[in-house]
Every structure is written in C-alpha cells, then in structure tokens.
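Colleague: I have a few questions about how parts of this fold sit against each other. Could you take me through them?

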Amino acid sequence: ISLAGGLPDSRLLPADEYAECVAAVLKREGGAALQYRPMYEPLRAWVADYMRARGVDCTPEQVFITNGNQQGLSILSRLFIEPGQPAVTEAFTFTGVGQVTVGRGAQVIGVPVDYETGVDLSALEEALRQKPRMAVIIPSYQNPLGVTIPAAHRQQIAALAARYHVPLVEDDPYSALSFDGQTPPPIKAYDEAGWVFYLGSFSKMLAPGLRLGWMVAPSALSSRLITLRESFDLETSALTQRSVFEFLDRGLLPPHLARLNAANAERCAAMLGALEEHFTGLATWTRPTGGLFVWMEMNDPSVDAFAALDRAIEQERVAFVPGGAFSVTGGHQHTIRLNFSAVEPDTIREGVARLKRILLG
C-alpha cells in the first residue's frame, strides 16, 4: 500500500477523452502537428483567460509554455541564481525546489511554515531583507504539508517581494485541486510591481504524463526566458499543446476536475478519519482542503521515520515518505508525508493501521 507518491489515481485520469482529442488534432493537422513548432497561441490565450479569471492581470504575451512546473523552476533558477548566492524557500518544501536552489549551489534560507496558515510572514520578511536572489513559495495545498496560505497573507507576500525587490516564484500546481472549488487568488493577483513569477501546471489538474505547464512573467523578459528554455529542450511538444487545448476547448476540464476532486475529498476524509482512530494523542497532522497530502508529526521526537521505512515496506507492505526528506535544514525525522490521492479509501484505512504498527510497535 503506497501512501508515498505525489500522483493521482491513474483510473481517474481522462484517457478516453484525451485520446479523442489527440485523434482530432492529428486528423485536422496531420504531420504538421508532429513537427517542431513554437508555443501554441490558442493555448497561451486560454491560460491568459484562466489567469485573469483568477484575478491575475495577464496577456498571452506574458504566458510561456513549459514542460511542467519543474522546468519553470529550473529556468528561473538559471535566470536568477549563481552558486553561493542566497535563496529563500519554505523550511519544508518539495524536493524539486531543493534541486533548483541547493542543487544550484545556493545558500538557502528556510522560512518556518505554520501548519494552518503557511509561511511565517515575519520570518519571510527577515529572510527577504537579506536580499536573496530568488524566493520560492508553494501557496496552495503545499507539498509536503498540505497547507494553504490565506488571501490576506498572499497580499502581504506580494508586497514584501516588491518592498525588497526579490523575484518571488509562486509554484502553484495544486490550486485546481480544491475540494470545494474555493481557493484564494494567486499571490500574483496582488503583484502590482512585477516581482512575482507564477508557475502553473496541467500535471495535477489534468494528467502528470502530459508534462505541460506555464509561466506568467514580464513580457520584457521574453527573449531571455526563451533563450534559457531552448538550452533545455528547444520547445514543448506541438502535439501535446494542441491536444491539451482541444481538451480544454471542448469544455472537458471542469467535469474532469469535479470527478477528481470529489474522489480526492473522499480519500482525504478517509485518511483523516484513520489518523483520528489510530494516532489521536500520539501525533498531530494537517487538515488539507484540497491537494494530495497530509503531513503528520509524531509527538515523540525520538520516532525515526527514516529508520522505520524499510521495516514498513518489508514487514507491513506499506510505504510513506519521511518528512525529513523535505526539510531544507535537515532533521525532523519524526515527521511523515502521506499521500491520499492514489489509493481507495478502504486501502488508505488499512495503510494507516499498518503504519501505526510500525511506528509504535
């Protein structure tokens, strides 16, 4: 039973509908859809409309198509960071953020994160006052914690980036995965000075294997961003761009998200219920309202999730990710990230029961 991944259930992905979209594109455009091609303008226009609906003043010229958020992170880290320079991230963050900061040789400042409201604003201001070259924040259903920054805090974060002239990368692949359809506006919606760079992705809202995302950035940086992008892989698949747009243009995304989020809400509820049953008084955990993850912290700091992982797999056939893997400062061996989206509710309940036997056995 894997509670370790960061992925949706494959059975919930719209394979048949997407196959019809690919077939329609190939029938309409033939071999031209399989060529080297630049960014697909209808897709850029759709993203710009989508971002405007979320409160971001955005034109298609400010939309840059990427091969997922990780590529966007890589491009911006190449643009802003040189080895030895400071960068800011949340104290617990997605390992891919570490790859483009620590992995670039940056001196990373990890900002504490509240389990209910996200990044600590006072600590963030102190970090930005040190003039880092770049900051990265995951605002919605954060990986690994599952927490969401409230709207008022997002507005303050945008103001802090402008006050200290720090490029702030808003890594936002999860915002469409809201259980009730209510997610605060992006930090970028409050960005009046142009210091926030927004990264969005179809990987979580549609399908991970598409490897398709976007960046919203000042059009004045267009040539530099395109040059950096071409150093990675020249361009994004013309067929994928057109097929995804076909899916969007047919109005297939809203019903897909409705099904996906309803299933994930049920699975999250199953995980929270199982944690209440088995870990009350033994641990604390986050209570996400969307996304893919629950974060658990054992009350006993001597519990070592890293040491328990091999035994969990071998003895109980259950997997998880030790939370310390997401800590930019190390330690925190008594924390665990749990994924609820990839398995059925009954399997989640059984997995949590097995997890207790390992951690407390």
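Modeller: Gladly! Contact here means heavy atoms within 4.5 Å, and please keep in mind that this is a predicted model.

Colleague: Good to know. Which residue's backbone oxygen does the side chain of Q241 reach?

Modeller: Let's start with the setting: Q241 lies in helix α9. Beyond its neighbours within four places in sequence, Q241 is in contact with P38, M39, Y40, L43, I65, L212 and T236. One of these offers its backbone oxygen to the Q241 side chain at 3.2 Å, and that residue is T236.

Colleague: And is Q241 buried or exposed?

Modeller: The relative accessible area of Q241 is 1%. Buried means under 20%, so Q241 counts as buried.

Colleague: Thanks! How is α2 oriented relative to α9: roughly parallel, roughly perpendicular or oblique?

Modeller: Helix α2 (residues 41-53) and helix α9 (residues 238-249) have axes 9 Å apart and pack at an angle of about 45 degrees. Angles under 35 degrees count as roughly parallel and those from 65 to 115 as roughly perpendicular. The angle therefore makes α2, relative to α9, oblique.

Colleague: How many nonpolar residues does the contact of α2 with α9 have?

Modeller: The crossing of these two helices, α2 and α9, is left-handed. From α2 come P42, L43 and W46, and they meet Q241, F245 and L248 of α9. By class, the contact has no charged residues and 1 polar residue, while the nonpolar residues number 5.

Colleague: Now the other helix pair. How is α5 oriented relative to α6: roughly parallel or roughly antiparallel?

Modeller: The axes of helix α5 (residues 121-128) and helix α6 (residues 151-164) come within 10 Å and cross at roughly 15 degrees. Since angles under 35 degrees count as roughly parallel, α5 is, with respect to α6, roughly parallel.

Colleague: What is the handedness of the crossing of α5 and α6?

Modeller: On the α5 side the contact uses L121, L124, E125 and L128, facing H153, Q156, I157, L160, A161, R163 and Y164 in α6. By class that gives 7 nonpolar, 2 polar and 2 charged residues. As for the crossing of α5 and α6, its hand is right-handed.

Colleague: One last thing: with which side chain does the side chain of Y198 make a polar contact?

Modeller: Y198 is found in strand β8 (residues 196-201), and at 1% relative accessibility Y198 counts as buried. Not counting residues up to four places away in sequence, Y198 touches several residues, including M51, R54, E170, D172 and W214. The polar contact spans 2.7 Å, and the partner side chain belongs to D172.

Terms used
Residues are numbered from 1 along each chain as its sequence is written. This is a predicted model: local features need pLDDT of at least 70, side-chain atom pairs count only at pLDDT 80 or more; totals for chains, interfaces and linings use all residues. Side-chain values use heavy atoms; hydrogens and water are left out. Helices (H or I, at least four residues) and strands (E, at least two) are DSSP runs, numbered from the N terminus. Buried means under 20% relative accessible area, exposed over 50%, partly exposed in between (1.4 Å probe, protein chains only). A polar contact is a pair of N or O atoms within 3.5 Å; within protein, one must be able to donate a hydrogen and the other to accept it, and residues adjacent in sequence count only if both atoms are side-chain atoms. Axes are lines fitted to C-alpha atoms, for helices over the stretch in contact, and angles run from 0 to 180 degrees between N-to-C directions. Angles under 35 degrees count as roughly parallel, over 145 as roughly antiparallel, 65 to 115 as roughly perpendicular and the rest as oblique. A crossing is left-handed if the near helix is turned anticlockwise from the far one by less than a right angle, and right-handed if clockwise. Ala, Val, Leu, Ile, Met, Phe, Trp, Tyr, Cys and Pro count as nonpolar, Asp, Glu, Lys and Arg as charged, and the others, Gly among them, as polar.
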